[in-house]
Amino acid sequence: MKLSTLCVQAGYTPGKGESRQMPLIQSTTFRYETSEQMARLFDLEDEGYFYTRLQNPTNDHVAARIAALEGGVGGVLTSSGQAANFYACFNICEAGGHIVAAKSIYGGTFNLLGTTLPKLGIEVTFVDQNASEEEIAKAFRPNTKLVFGETISNPGVMVLDIEKFARIAHTHGVPLIVDNTFATPINCRPFEWGADIVTHSTTKYMDGHGTTVGGVVVDSGNFDWEQNDKFPGLTTPDPSYHGLTYTRKFGKMAYTTKLVSQLMRDLGSIQAPQNAFYLNLGLQTLHLRMPQHCKNALKIAQYLHDNPYVAWVSYPDLEDDPQHALQQKYLPDGSCGVMAFGLKGGRDFSIRFMDNLKLIFIATHVADCHSCVLHPASHTHRQLTDEQLLSAGIAPDLIRLSVGIEDADDLIADIAQAIEAAERH
Ligand SMILES: *Cc1c(COP(=O)(O)O)cnc(C)c1O
């Protein structure tokens, strides 16, 4: 089935007399008739719900819908995008392990990998995603367990060469995890290019309305965990389940089952069913919203590109953008609604510009139906000097613009009047 149909129907089919809309099962626990039935659930001998810290039917319907959109075998909703990336990595990489990750990823994930995972005994090497395969291969060590990148990086809007990254990962016997938040499966399905696991901050386009923080981990089911001895957590007996071995017992569902039955059981960052219900409402129109975000963003990027007050624009869909060839290959229907640009007047002019915007709000959020801007130099990274900003890869004049689904001409008029107002004082 096509993506539009999957957005509306995948993952949940009501039976006779059951609710047409995916039901919200707002319950912590589930009833069983005999203690034997319950025991079989705890031994992973039967499938079923027993406690919402591990699994809930609403969450599972929504996760199945996203897994269908990505073309994966299983998915798990998490409480946030951060939790999704943590679980995706920690499920196969623990103390003593090592991760190779693209350098230009979301700041939160950069901190997770660079600051917090090392406290758990996991080391990370960051690489330039545009470097040659030989160069990137130098980052690998015998204890490397996975490779991590973002389809479109936040906020740099760089496009990952997924095939190249998958090839390097597979040559070293490890999976490629791709955070597909900005592209969404409407614009790119990383499994089709060799990625093994996909994550999302569903907080962004998937929810799309700025209501609900959440995340998801989806497994393609394609990676062969038994090809080497790097993944003992999946391929050797788990003493906390009476010596069961995930790959033997669950085949293609090994990774997903372990994530639920170990990590959710012990760490518990599950998405609230209420949030999963809201997320689903967003998913039902994802295929309508993404083309509108892209159409608006391209029109605005072209306007900025030709505006004499604008120093530079970074948006992969622009023909002269350095990322354009990768965009044409991986995101031919459009990348996303997010772009970065700089104004010629520098920091002060940028601040006056943003303060004068009327439709486009200043917000730390990105990628929902409302347009918004952020100036990292005066917001998220305000403690840094211009020099420090540059060494962190952020131009002091960089403005991140997330284009919503309002009318593009109204947004352009707002940008034009704000530039004029900034110019006056
Ligand atoms: C926002 C974001 C995250 C973190 O997601 P939260 O839902 O805020 O925890 C991770 N990756 C990318 C690409 C993001 O944009």
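Buried or exposed: which is V157, and what is its relative accessible area? V157 is buried, at 0%; here buried means under 20% relative accessible area, exposed means over 50%, and partly exposed is whatever falls in between (1.4 Å probe, protein chains only).

A note before the views. This is a predicted model, where local features need pLDDT of at least 70, side-chain atom pairs count only at pLDDT 80 or more, and totals for chains, interfaces and linings use all residues. Numbering starts from 1 along each chain as its sequence is written, and side-chain values use heavy atoms, with hydrogens and water left out.

**Figure 1. The whole chain, before zooming in.**
You're looking at 17 helices and 12 strands, taken as DSSP runs (H or I, at least four residues, for helices; E, at least two, for strands) and numbered from the N terminus. The chain is as compact as a globular protein of its length, because its radius of gyration of 22 Å is close to the 22 Å that the globule rule gives for 425 residues. That radius is taken over C-alpha atoms, and the rule is 2.2 Å times the number of residues to the power 0.38. Along the principal axes, the C-alpha trace spans about 75 × 55 × 40 Å. Buried residues make up 54% of the 425. Take the contacts (heavy atoms within 4.5 Å) between residues at least 6 apart in sequence, and 72% of them join residues at least 24 apart. As for surface, about 17900 Å² is exposed, with carbon and sulfur atoms supplying 53% of it; areas come from the Shrake-Rupley method with a 1.4 Å probe.

**Figure 2. Backbone oddities in the loop between β4 and α7.**
P155 sits in this loop, with β4 (144–150) on one side and α7 (162–171) on the other. The peptide bond joining N154 and P155 is cis, with omega at about 5°. V157 belongs to the loop between β4 and α7 too. Not being a glycine doesn't stop V157 from having a positive phi, about 45°.

**Figure 3. L44 and F250, two residues in contact.**
L44 lies in the loop between α2 (35–42) and α3 (57–70). L44 isn't a glycine either, yet its phi is positive at about 60°. With a relative accessible area of 17%, L44 counts as buried. F250, in helix α10 (residues 246–250), is partly exposed at 22%. Skipping residues up to four places away in sequence, F250 touches L44, L244 and T257. F250 and L234 are 16 residues apart along the chain, with 9.9 Å between their C-alpha atoms.

**Figure 4. Two nonpolar cores.**
A core here is a set of buried Ala, Val, Leu, Ile, Met, Phe, Trp, Tyr and Cys residues joined through side-chain atoms within 4.5 Å. The largest one has 93 residues, and I66, I99, L113 and L176 touch the most other members. Helix α11 (residues 254–267) gives the most to this core, with six residues. A second, separate core of 27 residues includes L343, M354, V403 and I415. In soluble globular proteins, nonpolar side chains tend to be buried together. Zoom in on I99 and, leaving aside neighbours within four places in sequence, its contacts include C89, C93, L113, L117 and L146.

**Figure 5. M264 and its long-range partners.**
M264 is part of helix α11 and is buried at 0% relative accessibility. Beyond four places in sequence, M264 touches R53, L54, V76, L77, T78, Y87, L259, S269 and I270. R53 is 211 residues away along the chain, but the C-alpha atoms of R53 and M264 are separated by 6.6 Å.

**Figure 6. D207 in a loop.**
D207 is found between β6 (197–201) and β7 (215–219), and is buried at 2% relative accessibility. Outside its neighbours up to four places away in sequence, D207 touches T202, T212, Y278, L279, G282 and R289. A367, 160 residues from D207 in sequence, is 9.4 Å away, C-alpha to C-alpha.

**Figure 7. H287 in helix α13.**
H287 belongs to helix α13 (residues 286–305) and is buried, at 17% relative accessible area. Leaving out neighbours within four places in sequence, H287 is in contact with S4, C7, V8 and I186.
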